Amino acid sequence: MAKADFQVPELKEYAEIPEIKPGVMAHSKPFKSKPDFQEALGFPGELVEDWQKKAINKMGDLLGRYRSLRVYMDACVKCGACTDKCHYYLGTHDPKNMPVARQDLLRKVYRRYFTLAGRLFPDLVGATDLTEDVLGDWYNYYHQCSQCRRCSVFCPYGIDTAEISMAAREIMDSIGVGQKYCNEIIGKVYKIGNNLGLPGPALADTLEGLEEDVFDETGVEVKYPLDQEGVDILLITPSADFFAEPHVDGLIGYGKVFHEAGVSWTLSSYASEAANFGMFIGSYDNMRRVSMRIREAAIKLGVKRIVFGECGHAWRVAYSFLNTLVGPWDFLDPRYPVPQHICEFTYDLIQQGKLRLDKSRNDDMVLTYHDSCNVARASRMGDKPGGQFDIPRAIIRASCNHFYDMDEETIRDRTFCCGGGGGLLTDDLMEVRVKGAQPRVEALNHVIQEKGVTHMAAICAICKSQFTKVLPYYGMDMGQIVSVHQLVSNALILTGQETEEEEAVEAAA
Amino acid sequence: MSLISNFYAYLFYFATFVLLGGLALKVWQYARTPAPLKIPTTPAPTTGSGVVLRMTREVVLFESLFRGNKWTWIFSWMFHFGLLLVTLRHLRYFIDPVPVPLQMIQPFGIYGGMAMVVGLGGLWVRRFFVDRVRYISSRSDHLILGLLVAIGLSGLTMRFVVHTDIIRLKEFFAGLYNFEIVTLPADPVLLLHLLLVATLMIIFPYSKLLHMPGLFFSPTRNQVDNPREQRHIAPWAKRLEQE
């Protein structure tokens, strides 16, 4: 079990709603961004003079540009339906991690400066001035929100705390109070092309290695091309896929699927990142600038289609925002949606019977599936609502014999975040990550106990990294989290690949 | 007596002005603020008619709240549906002649009044006994509940305990349409009832009661899930492209 200098939550047999413990997470905050990282993104390097005034002005600016913020600041009636829905509240018991209380940190300032009631009767309506303490609370608690939108599912007005977290982070960035993790990473994308800062030659090297591995394993020459012009498909995938387990097994799977489909494809060293941390910091400008690299790569490489690899919030930005940010995509093949998810691509091939999948090759595992929050509640796959739940499950069922879902209340649109989303996947937030994972791990534990589940599949780079890191805190193994396309890769028998049985038959003859 | 009648006449002119003007301003503000990104909470409808259906379920059945918390749902639905019946029942004091459907709904308005008070009571109890809800409640949350309960109770009192001269009341409001101030029956319970209702009208556009228009403008609920098919772009975002 991993060592922790905080108390790791207990996994209970039945999910419990904890009593509030005010202030228990008040100390939790991520490292502040350095001036260099801030300035690269167009933000002031450090806390500006006159920061109260500038923050209020920024709030006013955002209120005029985002209807979500405008409406959500007014509409909350404090009904409490969201109070027991956030995984960070359930895992930490800190009442400021209840969605409504998190929103109120911003709302009380909104009321003070932007509403008549708050100007005249601040005490009555819970309005306060923007003080240093309030700013401190903003920084700490808006970095205990993974923007997973679970609260918005249950809110009678659809109030989405993610929208408010994003606005709060943008206000803080605008006065020079940024988060190191997100802002440093966005800078890396601008400089090098991906979150991990892997340069082109390193990518080429990795991909060559993958080709060799796949050849050794299957005897088939599956290509993992980089920067190849004039091909059909540009694959945009999270950079973790080039680098870490179990992500890279997913990338191997994508390559095999493309190979079997007989399509030509390429990765881009310029746009070598699916993730878009511009969303986490609520910055339209940065989100657009990161996305622009994909458009530029697609034009330069002359591709006809764009497919995204397994990444949760990347898929949100891709599916929901890409057309808005850097569209229109009229220069691509109009027969395909732009962009497509790799799961949509694989699912179509399975439907057409073009993939030969031997499920027994995954018989060493009993699977469950974790719906990644941003895929589940902020995107879609296929042409029917809910395809984002059904398509990945259909792929898993086509690749494995043993699959069980976790408790209904913790999957599909009610899924729990892994605890590391929204820009919190950093070691300086380990406590909140471990505690925030508790509801998901608890549901996982149930199916481990009751169904003998051994592995959990996911389609998000953050989920995979987060679980790899936090499962050991709960006495589980980091290898229990797998990629969906890793399962496909295991089960897929490539054309021309000799299987063991066939070899045995040949030897006998 | 004319002092009281005058006061109430001007109070209701003022309250109506604030309610309608304030709401119109807010609706205008919501409507003109762009929603730059597609953010429906998915799974979401892929067509406009699907969105109308989703919104209808939210407005009429409180679908999301039902999934969120059954107790809050049952109390708030009782309150809101009760309030609807009560409002419909009250229309007869403002319309002449009274249309047949309104006549038929009269007895249900009474049950509505009771349901409203019971629902409000349940919601209020939660603010004291559920620690999470107690934590998020501010004084204004209690005051608004108190105001609504007092409106309900004073109304029910006039139905069951001390009746008022409803004919003269109706004449008073009919007079207001023509800017004539007719004498209002000076029953204390009625005056209290009317004072509270006018207060409610005045605070409506300045309080959380804005959830009513707000719901219709909530992008997570009212957007069509079709970002790949149709490019959605706000005017301010479009300007970035021209730079």
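Student: What share of the 243 residues of chain B counts as buried, and what makes a residue buried here?

Tutor: In this predicted model, 32% of the 243 residues of chain B count as buried. The label goes to a residue with 20 or more other C-beta atoms within 10 Å of its own, so the 32% are the residues of chain B that reach that cut-off.

Student: What is chain B built from, and how far does its C-alpha trace span?

Tutor: Chain B has 12 helices and zero strands, and its C-alpha trace spans about 65 × 45 × 40 Å along the principal axes. Among its contacts with a separation of 6 or more, 75% join residues 24 or more positions apart.

Student: How do you know that chain A and chain B are in contact?

Tutor: The test is a pair of C-beta atoms within 7 Å. By that test, 59 residues of chain A are in contact with 56 residues of chain B. Helix H3 (residues 67–75) of chain A gives the most to chain A's side, with six residues. By class, that side of chain A has 30 nonpolar, 15 polar and 14 charged residues.

Student: Let's turn to the sheet in chain A. Why are S5 and S7 of chain A said to stand at the edges?

Tutor: The sheet is open, with three strands in the order S5-S6-S7 (chain A) and parallel pairing. Strand S5 (367–369) and strand S7 (481–483) of chain A each have a single partner strand, so one side of each is left without a neighbour in the sheet. From one strand to the next, the twist averages 40°.

Student: What makes S6 and S7 of chain A a pair?

Tutor: Pairing needs at least two bridges. Three bridges join strand S6 (residues 455–458) of chain A to S7(A), so the requirement is met. In one of the matches, A:Ala457 has A:Val482 in S7(A) as its bridge partner. Helix H21 (residues 461–470) of chain A lies across S6 and S7 of chain A, at about 155° to S7(A).

Student: Which residues touch the most other members of the largest nonpolar core, and what makes it a core?

Tutor: They are A:Ala167, A:Phe308, A:Ile396 and A:Ala457, in a core of 175 residues. The name fits because its members are buried nonpolar residues joined through C-beta atoms within 7 Å. Helix H15 (residues 312–326) of chain A supplies the largest share, nine residues.

Student: Why is this core said to lie between domain 1 and domain 2 of chain A?

Tutor: Domain 1 (35–178) and domain 2 (186–491) of chain A both give residues to the core, so it lies between them. For a closer view, take A:Ile396: leaving aside residues up to four places away in sequence, it touches A:Leu367, A:Tyr369, A:Phe403, A:Ala457, A:Val484 and A:Leu487. Another core, of 13 residues, lies apart from the largest one and includes B:Met116, B:Val117, B:Leu120 and B:Leu148.

Student: How far apart are the C-alpha centres of the two domains of chain A, domain 1 and domain 2?

Tutor: The centres of domain 1 and domain 2 of chain A lie 30 Å apart. The contact takes 23 residues from domain 1 of chain A and 27 residues from domain 2 of chain A. On the domain 1 side, the elements giving two or more residues are helix H1 (35–40), helix H4 (87–92), helix H9 (150–154) and helix H10 (161–174) of chain A. That side of domain 1 of chain A has 10 nonpolar, eight polar and five charged residues.

Notes:
Residues are numbered from 1 along each chain as its sequence is written. Chains are lettered from A and ligands numbered from 1 in the order in which they are written. This is a predicted model: local features need pLDDT of at least 70, side-chain atom pairs count only at pLDDT 80 or more; totals for chains, interfaces and linings use all residues. Two residues are in contact if their C-beta atoms, placed from the backbone, lie within 7 Å. Helices (H or I, at least four residues) and strands (E, at least two) are DSSP runs, numbered from the N terminus. Ala, Val, Leu, Ile, Met, Phe, Trp, Tyr, Cys and Pro count as nonpolar, Asp, Glu, Lys and Arg as charged, and the others, Gly among them, as polar. A residue is buried if 20 or more other C-beta atoms lie within 10 Å of its own, exposed if 12 or fewer, and partly exposed in between; C-beta atoms are placed from the backbone. Axes are lines fitted to C-alpha atoms, for helices over the stretch in contact, and angles run from 0 to 180 degrees between N-to-C directions. Domain bounds come from an automatic or database domain assignment.
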